[in-house]
Structure formats: C-alpha cells, structure tokens
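Grab a pencil and work through a few short exercises on the structure shown here. Try each one yourself before you read the solution.

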Amino acid sequence: MTMPISTPPNEARRGSLACVGLGMTLGSHLTPLARSHIEQADVVFAGLSDAIVEVWLGRMHPDVRSLQPYYAEGKSRLKTYRQWVGLMMAEVRAGKRVCGVFYGHPGIFAWSPHKAIEAARAEGFQAHMEPGISAEDCLYADLGIDPGRYGCQHFEASQLLFYRRRIENTGYLVLWQVGLVGDRSLGRFRTGPAYRQVLVDLLAEDYPLDHEVLIYRGATLPIQPPRIRRIALRDLPQVALTAEETVVLPPAEPMRLNQAILDRLDALDRLEAHAKM
Amino acid sequence: MADTIDLLETIGSDATLRHASAGELGDMLERAQASAALKAAVASGDSAMLSTEFGNKANQVPESVQSPAHEEEEEEEEGNEPAPEK
C-alpha cells in the first residue's frame, strides 16, 4: 500500500528530463516509478512500437505527443532521432518537466534517449534514465535462455556486416533488426532477401547452413503469445521478417577448455596452498 | 460496452488472465461486454483484428543508426528538416 506524500514545491521550475521504459507488454511491465515519472511530467513524448500501447499511455497523461509522425520512408532515421532530441530539449529549456517514454528499455537500441539526456546534462538540466523491461529480457524468458550458461553476444545485424566483429559460436548469438540488415541509407524500414543472404554468407563462416535459427518476437499486447519460429540458417533470406523480430543462433560448438590458463590457475592454487602450510 | 484499453490493462496485469487460453479469455470478455474487435482478436489469435478499433495505425520500431560515418555526415544538415504534419 502506498501512502500519499506531498511533493516538495518545485521552486526553481528548472526544466528536467526523464527517459523511461514502458516495458514490452501493455499492462504487464510498467514499473511504479516509470508511471510516476509519466504522471508527474508537464509534457510526455512517446516513442512506442505499438499504436494501441500509445493509446494506453494517453490515459496516463493529458499531454502525450507521439514521435511517430517524424518517421518517413526515405528519410534518414538519424535525422528523425535528432528531431526527437530537439523536441524534448525545447520543452526542457522552456522549464518543463519532460518525460520521454520509449518501448522496452529506453537505453537499449535507442539512440535518442541517450543523446537527449546527454544534451540536457551538458546544459545543466537534471536528466535521468529509468530502465524498463526490454525485448532482450522477454527473449530470455520466452526462449528459456540463460545468457550466463554459455555466454551471449548481441549485435545489431547491420553492424555485423559493416564492421569486422568476432563471432563466438560456442555461445548464443542474438541479432537485432535483421529485417533491415544492410541498410546504409538509414531511410528504409526493411531490406530484402539479397541483403539477408549477405548476412547468411557471413554467418556460414561460423555456423553450418542447417544450423537451427530462432526468430523471436515478444508480445506487445497481453492477448498475444510470443511468436517463435525455428528455421535452418540457409532459409533466413526467404522468410518474411519484420523489423521487430530478432534472430537467435544457439551455440554451434561445445565450449573448449583453455588448458594454458587452467595450468596457470593450478600453479597459483599450489602457491597459495604452500603459503598456508 | 467495456473500454478496450481498460480490459487490456486488466489482462496484462492479472496472472491468471495474462496466460489464459483463448477460450477462457473469450468467456471473460463476453461477460465484460468487450468490443467485437477485441473478442475477434482473442478468438482468432490475430491481434491485428484489434487494430481496426484504433484506426489501423502501424508504428515504426527501428532505433538502429548503424551506418559507417553516417552520423558525422548528418550533423551538418541538422535543423533543416521541416516539422511533419500531425
């Protein structure tokens, strides 16, 4: 049970920014603290993945401004996200308590909340990020994966193509935003099978083509189950894939002992044992 | 007719309802006088049917900005973009 406590007067009326996560599923994941940030804000900006969830957010505050209209096919998403930062900062500078609400966790695969907080702090305003339950959190629960068991690498899929990264195939590999892999324009919301074939060719250096791949999408509405599909790696270019779906590659090989390090640890153990005698 | 958002929030925050079968949820929605769209979405397992009630709006999701050296290029153009119509 919560007790009503009067909030201290906001003497200076300095602007402030809180970026909070709404979690993934409507009604299930919103933390009490994130809800409080929303309710106590003067203005709320919404960067949400589901239009119905946006309606739900609208019930929590009379001034919720959707950031969705700033997206446009062919327009660089970076430009869109810079506009989002500009919109939030304009209200902060006007002395408002601003709350940016983002789906999942506001700091995971989310450029603008980090930048807005950075900008606000650089100008001397109070700025804060409040974590939310992310797609990654839901993925672990729904797929029954413990990242501590074999280790787990996460990459934005395009980054894996653009840069030389080391894939560790004895652990899980989680690839985000495969649906638009290889898009260098930042202006497309999906890329086609040929782009995914480039990804498959790269992955084939570390995984057999018949390796089982999981395609996962968490529930955003509480009437949905999570969507989990299992296919062979070679079929990845041909399946229908949306931007919110995540590709998971389970380990392809067993972990190998690092005998040289184990020998060093043995030697250290023996030294410590001698020292105690 | 019961409010759909209220019903979704109730389902999302109730341990029994959140993982109930479509049949169980359907009975509950019938008793609660849920909208036809919500009942159809639950019965069919296709939540897209619910979108009709909310104007079929589709939100974009990517927050990816992976593009080599793109961030620096874009910096110069900042502020030139007109505001979209809402």
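The exercises below use a predicted model, starting with chain A and then moving on to chain B.

**Exercise 1. Find out how chain A is divided into domains, and describe where they touch.**

Step 1. Start with the bounds: the domain assignment puts residues 16-133 of chain A in domain 1 and residues 136-249 in domain 2.

Step 2. Now look at the spacing. Taken over C-alpha atoms, the centres of domain 1 and domain 2 of chain A are 26 Å apart.

Step 3. Count who touches whom: 18 residues of domain 1 of chain A are in contact with 15 residues of domain 2 of chain A. On the domain 1 side, the elements that give two or more residues are helix 2 (51-58) and helix 3 (77-93) of chain A. By class, that side of domain 1 of chain A holds 8 nonpolar, 6 polar and 4 charged residues.

**Exercise 2. Take strand 4 (residues 97-102) of chain A: which residues are buried on each of its faces, and which strands pair with it?**

Step 1. Check the cover. In strand 4 of chain A, 6 of the 6 residues are buried.

Step 2. Recall a rule: in a regular strand, side chains alternate between the two faces of the sheet. Sort the residues by side: Arg97(A), Cys99(A) and Val101(A) are on one, while Val98(A), Gly100(A) and Phe102(A) are on the other. Both faces of strand 4 of chain A are covered.

Step 3. Add the partners. Strand 1 (residues 16-21) of chain A pairs with strand 4 of chain A in the parallel sense over 6 bridges, and Ala18(A) stands opposite Cys99(A). Strand 2 (residues 43-47) of chain A also runs parallel to strand 4 of chain A, joined by 5 bridges; here Val43(A) faces Val98(A).

**Exercise 3. Work out which strands stand at the edges of the 5-stranded open sheet of chain A, and why one side of each has no neighbour.**

Step 1. Write down the order: the 5 strands of this open sheet in chain A run 6-7-10-8-9, with mixed pairing.

Step 2. Look at the ends. Strand 6 (152-156) and strand 9 (227-232) of chain A each have a single partner strand, so one side of each is left without a neighbour in the sheet.

Step 3. Check the twist: on average, neighbouring strands of this sheet are turned by 20 degrees against each other, direction ignored.

Step 4. Zoom in on one pair. Strand 7 (residues 172-176) and strand 10 (residues 246-249) of chain A pair in the antiparallel sense over 3 bridges, with Val174(A) opposite Val248(A).

Step 5. See what lies across: helix 5 (residues 135-143) of chain A crosses strand 8 (212-217), strand 9 and strand 10 of chain A, at about 125 degrees to strand 8.

**Exercise 4. Switch to chain B and explain why the buried residues of helix 4 of chain B share a side.**

Step 1. Get your bearings: chain B has 6 helices and 0 strands, and 23% of its 86 residues are buried.

Step 2. List the buried residues of helix 4 (residues 36-44) of chain B: Leu38(B), Ala41(B) and Val42(B). They span an arc of only 95 degrees around the axis, which puts them on the same side of helix 4 of chain B.

Step 3. Find what they pack against: helix 1 (4-12), helix 3 (22-31) and helix 5 (48-51) of chain B.

Step 4. Turn the helix around. The face of helix 4 of chain B pointing away from its buried side carries the exposed residues Ala36(B) and Ser44(B). Just after helix 4 of chain B, Gly45(B) takes a positive phi of about 75 degrees.

Definitions and conventions. Residues numbered from 1 in each chain as written. Chains lettered and ligands numbered in written order. Predicted model: local features only at pLDDT ≥ 70, side-chain atom pairs only at ≥ 80, totals over all residues. Helix = DSSP H or I, 4+ residues; strand = E, 2+ residues; numbered from the N terminus. Buried ≥ 20, exposed ≤ 12 C-beta atoms within 10 Å, placed from the backbone. Arc of directions from axis to C-beta. Contact = placed C-beta atoms within 7 Å. Pairing = 2+ DSSP bridges. Axes fitted to C-alpha atoms, helices over the stretch in contact; angles between N-to-C directions. Domains from an automatic or database assignment. Nonpolar A, V, L, I, M, F, W, Y, C, P; charged D, E, K, R; others polar.
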